[in-house]
Amino acid sequence: IECGQYKARANPASRWARLARGSKATLPAARVPAICRAVDELRTSGYTPLSISLAIVSPLPLSLSAAIATDAFRRRAPLLRPTTRPTRRGPPPFGAGWEASPCVVERPGRYPCLTVGWCVPVDDPVAAARCKPLAVLGHALTSPHAGSASDVLRTAGIAPLSAELEPCLTARAVSSAEGWALWELSLLMNPGAERRWREARDVLISAVGVASRGVPAHLAAEAKSLALL
């Protein structure tokens with residue numbers, strides 16, 4: 001449901017407008033060669049390793065095995081083609097990008113689910129993959145400490161108590177492309193609380209606004225420790 005809403009809201013000029021799954025039936029045969037070339041270029045520029053460690057197990061003597069392997073690699077095309085590809089920022093997926101209003105989706109059920117999504121610019125994909133700023137932000141927002149978004153929503157009777165459901169608030173990065181990441185918070189609400197979804201939305205948006213000004217150092221350290229487990 002969320003992906004369908006994101007796709008319907010995306011700018012037509014952005015790749016995010018094609019956010020969906022496909023198959024052979026949805027892929028025109030005339031476009032297959034061009035798509036294959038584009039995939040090969042992307043793989044070469046973005047997924048080529050800078051170094052490789054290779055282990056060879058052979059019953060032959062070490063000197064002979066090394067000579068055979070060296071000769072085989074010498075006759076092949078270069079395996080390592082380190083390249084640097086500058087980050088290309090595409091058009092904002094939704095409205096004005098980060099300045100656009102969050103996308104809100106409410107899904108009914110026994111525990112109604114409210115999802116609020118943000119479009120976040122990614123300047124350095126490598127640094128983002130290593131430092132995971134969105135994961136740190138999500139950890140700060142979803143931790144059930146006093147005064148947290150979860151605590152406020154439970155106190156207001158919108159979200160279930162921990163004895164009934166844990167966790168009630170989760171964060172995740174849905175996708176990343178063209179210099180933008182789609183990040184969202186999902187809240188499971190009490191049965192019958194869906195009529196208060198606007199109140200819950202305002203709490204989540206306010207919490208993100210406060211947390212994005214700076215995550216406390218102890219939360220960043222805790223998230224880093226959890227990532228190492």
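This is a tour of the structure above, one selection at a time.

**The whole chain**

Begin with everything selected, and keep in mind that what you see is a predicted model. The protein chain has 8 helices and 4 strands, and if you follow the chain along its sequence, these elements come in the pattern α-α-α-β-β-α-α-α-β-β-α-α. Of its 229 residues, 29% count as buried, while the accessible surface comes to about 15,000 Å², with 59% of that area belonging to carbon and sulfur atoms. Among the contacts between residues with a separation of 6 or more, 69% join residues that are 24 or more positions apart.

**Strand 4 and its partners**

Next, select strand 4, residues 180-188, which is largely enclosed by the rest of the structure, because 8 of its 9 residues are buried. Now add strand 2, residues 113-121, which pairs with strand 4 in the antiparallel sense over 9 bridges; one place to look is proline 121, whose bridge partner in strand 4 is tryptophan 180. Then add strand 3, residues 169-177, which also runs antiparallel to strand 4 and is joined to it by 8 bridges, with threonine 170 facing serine 186 as its bridge partner in strand 4. Strand 3 and strand 4 form a hairpin with 2 residues between the strands, and in this hairpin glutamate 178 takes a positive phi near 55°.

**A salt bridge between two strands**

Side chains of opposite charge can pair when their charged atoms come close. With strands 3 and 4 still in view, show the side chains of glutamate 184 and arginine 172, which meet in a salt bridge at 2.8 Å, N to O. Glutamate 184 belongs to strand 4 and arginine 172 to strand 3, so the pair ties together parts that are 12 residues apart in sequence. Which of these two residues is buried, and which is partly exposed? Glutamate 184 has 1% relative accessibility and therefore counts as buried, whereas arginine 172, with a relative accessible area of 46%, is partly exposed.

**The other salt bridges**

A search of the whole structure finds 3 salt bridges, and the next selections show two more pairs. Arginine 196 and glutamate 199 meet through their side chains at 3.0 Å, N to O; arginine 196 is partly exposed at 25%, and glutamate 199 is partly exposed at 36%. Aspartate 202 and arginine 201 form another salt bridge, at 3.1 Å, N to O.

**A loop residue and a covered helix**

Move to asparagine 190, in the loop between strand 4 and helix 7 (197-211). Although asparagine 190 lies in a loop, its relative accessible area is 16%, so it counts as buried. Select arginine 110 as well: the two residues are 80 apart along the chain, yet their C-alpha atoms are separated by 8.2 Å. Then turn to helix 5, residues 133-142, which is mostly covered, with 8 of its 10 residues buried, including Leu134, Val136 and His139.

**Cysteines**

How many disulfides does a search of the whole structure find? The search finds 0. Two cysteines to select are cysteine 113, buried at 6% relative accessible area, and cysteine 168, buried at 2%.

**A nonpolar patch**

Finish on the surface by selecting Ile52, Leu54, Ile56 and Phe73, which form a nonpolar patch with about 410 Å² of accessible area together. Leucine 54 lies in the loop between helix 2 (32-46) and helix 3 (62-74), and at 56% relative accessibility it counts as exposed.

Terms used: Residues are numbered from 1 along each chain as its sequence is written. This is a predicted model: local features need pLDDT of at least 70, side-chain atom pairs count only at pLDDT 80 or more; totals for chains, interfaces and linings use all residues. Side-chain values use heavy atoms; hydrogens and water are left out. Patches are made of residues with over 30% relative accessible area and no salt bridge: like charges are joined within 9 Å, nonpolar side chains (Val, Leu, Ile, Met, Phe, Trp, Tyr) within 5 Å. Accessible areas come from the Shrake-Rupley method with a 1.4 Å probe; for residues, only the protein chains shown count as cover. A salt bridge is a side-chain nitrogen of Lys or Arg within 4 Å of a carboxyl oxygen of Asp or Glu. Buried means under 20% relative accessible area, exposed over 50%, partly exposed in between (1.4 Å probe, protein chains only). Two strands pair if DSSP finds at least two bridges between them. Contact means heavy atoms within 4.5 Å. A disulfide is a pair of cysteine sulfur atoms within 2.5 Å.
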